[in-house]
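Got a minute to go through this one together? Take a look first, and then we'll go question by question.

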Amino acid sequence: MSELWYKNAVFYEVYVRAFFDSNGDGHGDLKGLMQKLDYLKDLGVDCIWLLPIYPSPLRDDGYDIADYYSILPTYGALEDFCELLDAVHARGMRLITDLVLNHTSDQHPWFQSARSSRQSPYRDYYVWSDTDQKYRETRIIFLDTEKSNWTWDEVAGQYYWHRFYSSQPDLNYDNPAVQEEMRNVMRFWLDLGVDGFRADAVPYLFEREGTNCENLPETHEYLKSLRRFMDEHYPGRILLCEANQWPEDVLPYFGDGDEFHMGFHFPVMPRIFKALREGRADSLVDILKRTPEIPENCQWCTFLRNHDELTLEMVSEEDRQWMWREYAPHPRMRLNLGIRRRLAPLLDNDRRKISLAYSLLFTLPGSPIIYYGDEIGMGDNIWLEDRNGVRTPMQWTNAPNGGFSSASPEKLYAPVIDDPQFSPERVNVTDQLNDPQSLLNVLRRMIATRKAQSVLGKGKLQWAQIPTPLPSLVAFHRVDEIESILALHNLSAQSQPVSVSVLPQTTVLHDLLTGENFTPADGMISLILQPYDYRWLKEIR
């Protein structure tokens, strides 16, 4: 398969603990995920992204790693992971895992040794200081819980540096041994057969006085070395960059096509929600016009929701307050600089809005990522702590526990959603598979259509010409050297008559989703878009 497979791939984010419990202990596991691979294949998934599966005290749901070379026992063993990989590959899919480069758990043996003695060989694996006044220009990411990026350690007799929770000390990348250690971690999992990594929190690897300690040249130099290592020894595997930055600030993480293969486009996501609530396309169009070209062998990753809060870091303070008022009116819905809610509740459980949001996701530039459960419109639980409210058990059937586990409810790692609107009795995979008009089946058809049109993965975005502009209309062409598709989206709750210019020599426009044909007149197509309607029109010449 092409080494550029990721440019037209559909990704699916799996929280193993939440997906399916194979042994009745109340926790999802690797064997449970393996039993559901055919479901993911039928959905149209090309690549599965696993949240951290390593041993961990789970202070941050596995992003606090205590051992990079093993599997959390409740998830299974390395043998189970290898079996899972074989099963994924046998179905023509791929699998990437989280690579947490920036920090470890404070329970990791490296840190426990480091704090025990200044003579420890691991002391220099972390960033220590006698004062908490260094790097004062660095922002605090977890504003709700952390007052400083430094924490005093009584045993060590010094402060240690952390960009996230105080239970997650940052690694010291000025130490060559740390740099080599993380290459060894990559080598271990790549040798097992993983198809790449989603690299967590990469802007923060190095610290320098007088800077905000983000996006430093030293960070890029090290990341490029990881890419060279992968290209030389593991061609066809990918690195996906998590850098919650403005698009022009993410551009350096692609380098000249020699750093990351892919990067999340964080600022697009909140603007999709803003556009839907306002019924106006301005902010979405503006951020897309602001997005720079990236190297030909690179790709954006786009998403509607994920395992974290809906981040509002990349919006103005005015827009942040507006988004909180509109989408998170209850204080329990807010976290840090974001909103801890799932897709369906955010969009009022309105199928028209949800489908329109997915249509934007699948037609805009970038490879889309679907968060587990959002394909069936799962709900959330704002009364759970931290971001756990969007990490509840997958709802497979209308049986007890939503078919997730045979354990008694009190043994589940988290309660199943009990909101009547979103409970398993109303929202589950089995019922939706049997309903041709369900959200799940609508998405299956969208995904199949998208994958059949390579221009939606690799084509350029070209804004459509609209003689009479409509604030609620998002209209663009996706174009390559062979074909083009005109995508139309009505963000309004009202029907809209639309007239749009087609590309030259277009004789017929074929709606890829409905099968309808339209004939342009004088280089224009005119039609009526229903409330929250969308069209994928292939321009046939």
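Q: What end-to-end distance do the C-alpha atoms of helix H7 show, next to the expected span?
A: Helix H7 covers residues 217-233 in this predicted model, with helices being DSSP runs of H or I, at least four residues, and strands runs of E, at least two, numbered from the N terminus. The expected span is 1.5 Å times one less than the number of residues. H7 has 17 residues, so it should span 24 Å, and that agrees with the distance between its end C-alpha atoms, 25 Å.

Some ground rules: residues are numbered from 1 along each chain as its sequence is written. Because the model is predicted, local features need pLDDT of at least 70 and side-chain atom pairs count only at pLDDT 80 or more, while totals for chains, interfaces and linings use all residues; side-chain values use heavy atoms, leaving out hydrogens and water.

Q: Which elements are among those that cover the buried residues of H7?
A: Buried means under 20% relative accessible area, exposed over 50%, partly exposed in between (1.4 Å probe, protein chains only). In H7 the buried residues include Tyr222, Leu226 and Phe229, along with Arg227. Their cover includes helix H6 (176-192), strand S8 (238-241) and helix H8 (247-254).

Q: In S8, which residue is the bridge partner of Phe197?
A: S8 is covered on both faces, with Ile238 and Leu240 buried on one side and Leu239 and Cys241 on the other. Strand S7 (residues 196-200) runs parallel to S8, joined by four bridges; two strands pair if DSSP finds at least two bridges between them. The partner of Phe197 in S8 is Leu239.

Q: Which strands are the edge strands of the open sheet of three strands?
A: The sheet has antiparallel pairing and the order S4-S6-S5. S5 and strand S6 (residues 158-161) are joined by four bridges, and Asp153 stands opposite Gln158 in S6. Pairing on one side only are the edge strands, S4 (128-129) and S5 (150-153).

Q: How do the residues of the lining of the second largest pocket divide into nonpolar, polar and charged?
A: The second largest pocket holds about 270 Å³ of space, and H10 and S16 each supply at least two residues of its lining. For the classes, Ala, Val, Leu, Ile, Met, Phe, Trp, Tyr, Cys and Pro count as nonpolar, Asp, Glu, Lys and Arg as charged, and the others, Gly among them, as polar. The split is 11 nonpolar, no polar and three charged.

Conventions
Contact means heavy atoms within 4.5 Å. On a 1 Å grid over the protein atoms alone, a cavity is a set of points where a 1.4 Å probe fits but cannot get out, and a pocket is an open set with protein on both sides within 12 Å along at least five of seven lines; lining residues have an atom within 4 Å of a point. Grid points are joined across faces, edges and corners, and a volume is the space filled by probe spheres set on the points.
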